[in-house]
Amino acid sequence: MRKLLLFSIVILVGILFITRLFYLQVSSNKAYTIYEDNAIRKVFHYPKRGYVYDRNGELLVANQPSYDVMIIPREVKYIDTLEFCSLLKITKEDYIKTYNKSYRYSPRLPSVFLAHLSKEDYAFLSEKMRKYKGFYIQKRSLRDYQTSIGANVLGFIAEANQRDIKKDPYYKMGDLIGKQGVEISYEKVLRGIKGVKFIQKDRFNRDISSYKNGDFDIIPIPGKDITITIDAKLQAYGELLMQNKMGGIVAIEPSTGEILSLVSAPSYNPNLLVGRKRSANYTKLHNDSIHLPLIDKGLLRMHEPGSPFKSLIALAALQEGVIDLTTTITCTGEYHYGGKRTIRCHCGTGRRNLNSGISQSCNSYFATTYRKTIDKYDDASHAMDAWSNHIKSFGLGDYLNNDLSVGKKGNIPNGAYYDKWYPDFKWGSTTTISNAIGQGEILVTPIQLANVMAAIANRGFYYTPHIIKDIEGVSIPEKYKTLHQTTIDKRHFEPVIQGLYDVYNEGTAWFLKVPGIEICGKTGTAENFIKIDGKRTQLTDHSIFVAFAPKENPKIAIAVLVENGYFGARWAGRIASLMIEKYIKGDVTLKQMEQLVLNKSLEEEYLKPYSGKPFKINQ
Amino acid sequence: MNLSRNRGFKVDWITIILFMLLVGFGWINIFSASLSGEVTSYFDFSQPYGKQLVFIMFSLALIILVFSLEAKIYKRFASIIYLVSILSLIGLFIFGKTVSGATSWYAIGGITIQPSEFAKVATVLAVAKYISDIQTNIKTIKDQLKTVLIISIPALLILLQNDAGSTIVYASFFFVFYREGIPHIYLLIGFGLLILGISSLKFLALPTSVVVAVLIFIHHFFIKKKKRSILNPIAIALVCAMFSFGIQFFYTTILQPHQQDRISLWLRLEKDPEKLESLKRTILYNLNESEKAISSGGFTGKGFLEGTRTIGKFVPEQHTDYIFSTVGEEWGFLGSTFVVLLFVLLILRVLYIAELQKSQFSRVYGYGVASILFFHFMINIGMVMGLIPTIGIPLPFFSYGGSGLWGFTLLLFIFIKLDSNRINEW
């Protein structure tokens, strides 16, 4: 017993020590990376972020230097806080708040303490920084927008947030990351790879030498410049036309799928989101719940397509063989179906065939045509699937899967969709008759409509609409060069295109003609509702217009949505015509029309639902 | 080896191999911890690693000396060695040199010598000689007091030189006495006082005394079968209370502020955030850095000369008291465990051999060697890993320093010599 006391204590202590070692080195060792080792100083070199050019080589986005004060909280020691605050022109409360925030992120990793010093402040501070342990100045490059247009396309960059950092460990607190537009779609191309130098420090924070002879250092790789498909002049003109209106314009080059302009109105000057004022401006933009300037309306506004959808009804019916060019109906101004129900028609009554049905936008003609298409099959569900399949082959009802960071699917119903709504399967062509005139369950976005026009202009195929034209030294993704064939035979397109041409020639858009350009288009008017105090209230119709031009060898396909702009030809049609003339001729001759559009403000219309008083619509 | 053949004696090679491994691995870590910049030469005698190499050479000479002397002279001259050692400690008060607060060094020419490192050897010899004396009966109070006196003189002298760490090592003799037959009650009392002391500091003396008194009376009235006088428990409770208040008094009044801080940090007594913050920059700083260095080593370590915290000299005193943090950082869990196992094996081996001794002198001496090595090992590594309060004593054979290395070498090899003599007698 006496012999065993020290014996066992020695063994116990040995076990205790090994347990402690295991705890320290194995179980609680949080895989110290070189980045977290505070014996190693990390010096980051942010390479040049790639420039952005428009399709004609005009520089849209460049860079400007910016200087940030960085903090490594745990290395902050023995500093005169008050003196430091007065140097940085901040209050002590700011200091404590930012310090705590940085500490919570990580005591041992750098975070931004104060962003975007002015050049004068930088010159002044850079000499004094050495006095403040745990702080240093980091040079960074900010965006310098050479233009005030295209904010929704160009997007912006901002400091990576916790979520970004978690998702991709490349990013450290204070790094910049694309947050919208091409900055997010082409983030990796534009940003390049930041360089890191690892330097061995001693406990007095002095540099001793390069860590392991620089074996771990990363050489910065500059970002690549990109050229986008946007035509800056057309984009600027589109934004100008959309002033004081809400909505979107999407113009596509049919032969390539390149997006010529992507206007979202109202937008903002991209320079607002650069530098020190960034977050104040961002908050202001973010909080504008009426105009939603940060929402890209050309990509995200889902709406009923209205009459432009009739071209697809016609194409599907031709493909299914239920109508031909000689099929006629007589319109009485009302279309009766399913007993007492009616669809009203504004085409002006008379005999209608495919051509005049399209050019006069006759509801009765398309209701008949749609019913024939669905009733061709014995089973409504089966019929709806066949029809839906034709429509979807134009890129509707699904994401475009392109290089725009946001998008909406829209909705094209199929058989299963209605089977779910009507579990007793008692539905058919009359139940879904609204589809015939682009209402009811059909939902599209402006870019989808523009793509439909591109497919019609191409007589049956389209390329996925995309924004990238060229990446310095790298070819653009193959998927943008892949042709998507619709399910409609080429021969069925000519009569429909002729109808669309006659819309301009003698139909609903006769007053929108552009001298010297053969335009094919279609007006559209979409009812829309919002809830005010829980009550479904109708607002003034959306003005919609789709077009392509010229008729032969089309160069541009366009969709315009003017929210609450009333009937299609009124504002959307005018804007489409002006855009087409601007793009094809480079100049606008329709000065009167231009003035009319520029002077029109729909602001009053947008404020109506918020006024709290009863209001009239469609005036 | 020549020695063993010529003189015809056998040494315990296991102990010697363990010794060589510790000294060799120790030097590798001293090299890493004291290297500044690129490796130019292993023999730069202006640097600690170069000097340590000289110390190691010199300790080899000491080993030869120890082996070449007759085993019996250690017993015969134990008293004289002890006296000389005491004199050398007293001499410090006149000729001593003060380094970081402790007056523990003689400076002779370029080298400094720390007599307290040798005093341990002398004291173990003296204790062994006294206990093994035919007239000594360790079970009597009188002889117990005498042995305690033998220990107390050097311990007190060292304490007066302000080297509290080295003083604590003398408590290790308790294990020797216990092995040699002091009553079990001492173990109980020792353990009880340890708990009582810590509790008096952690929970203050008054609550501790009250709780202890209540426990004693509960034991007296409800558990003990044979009822004796009520005076007994009262006396015990009083003694406990006195001890408890005494410890508290000792802590608050006699201990110096930096010693208080170490204990208050260990027992987490310090509540004042500003004081804590300032302690973090001073006492806790070393500990934090050392724990961080160890834990950053991970399972396999960063590799020889690759420890970023060692290169950056983040751990102060790393080549002396904190040498184990270099092991932790550069050799990881595997290397650290290896070192811990080397020490455990060495101490157990010494204990095992001590039990084999036929002469009581050799056995007591061996026990003393094991106890002292164990205390150093426990306190040093425990401190570096943050398990016990900061007490600055070296890690035997490992830490940089001539006196320490020679002291431990003498301590161990005298025992090996004594043991080889046992084999001869066999």
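Leaving aside neighbours within four places in sequence, with which residues is A:Ala450 in contact? In this predicted model, where two residues are in contact if their C-beta atoms, placed from the backbone, lie within 7 Å, A:Ala450 is in contact with A:Val250, A:Ala251 and A:Ile252, and also with A:Ala557, A:Ile558 and A:Ala559. Residues are numbered from 1 along each chain as its sequence is written, while chains are lettered from A and ligands numbered from 1 in the order in which they are written. Because the model is predicted, local features need pLDDT (the predictor's confidence in each residue, from 0 to 100) of at least 70 and side-chain atom pairs count only at pLDDT 80 or more, whereas totals for chains, interfaces and linings use all residues.

A:Ala450 is also among the residues with the most contacts inside the largest nonpolar core, which has 120 residues. Such a core is a set of buried Ala, Val, Leu, Ile, Met, Phe, Trp, Tyr and Cys residues joined through C-beta atoms within 7 Å, buried meaning that 20 or more other C-beta atoms lie within 10 Å of a residue's own. Domain 1 (35-65 + 140-228) and domain 2 (239-589) of chain A, with bounds from an automatic or database domain assignment, both give residues to this core, so it lies between them. A second, separate core of 103 residues includes A:Val13, A:Ala39, B:Leu89 and B:Leu92.

Between the chains, 28 residues of chain A are in contact with 34 residues of chain B. The largest share of the side of chain A that touches chain B, 15 residues, comes from α1(A), helices being DSSP runs (H or I, at least four residues) numbered from the N terminus. The predictor gives the complex an ipTM of 0.92 and a pTM of 0.67.

Terms used. Buried ≥ 20, exposed ≤ 12 C-beta atoms within 10 Å, placed from the backbone. Helix = DSSP H or I, 4+ residues; strand = E, 2+ residues; numbered from the N terminus.
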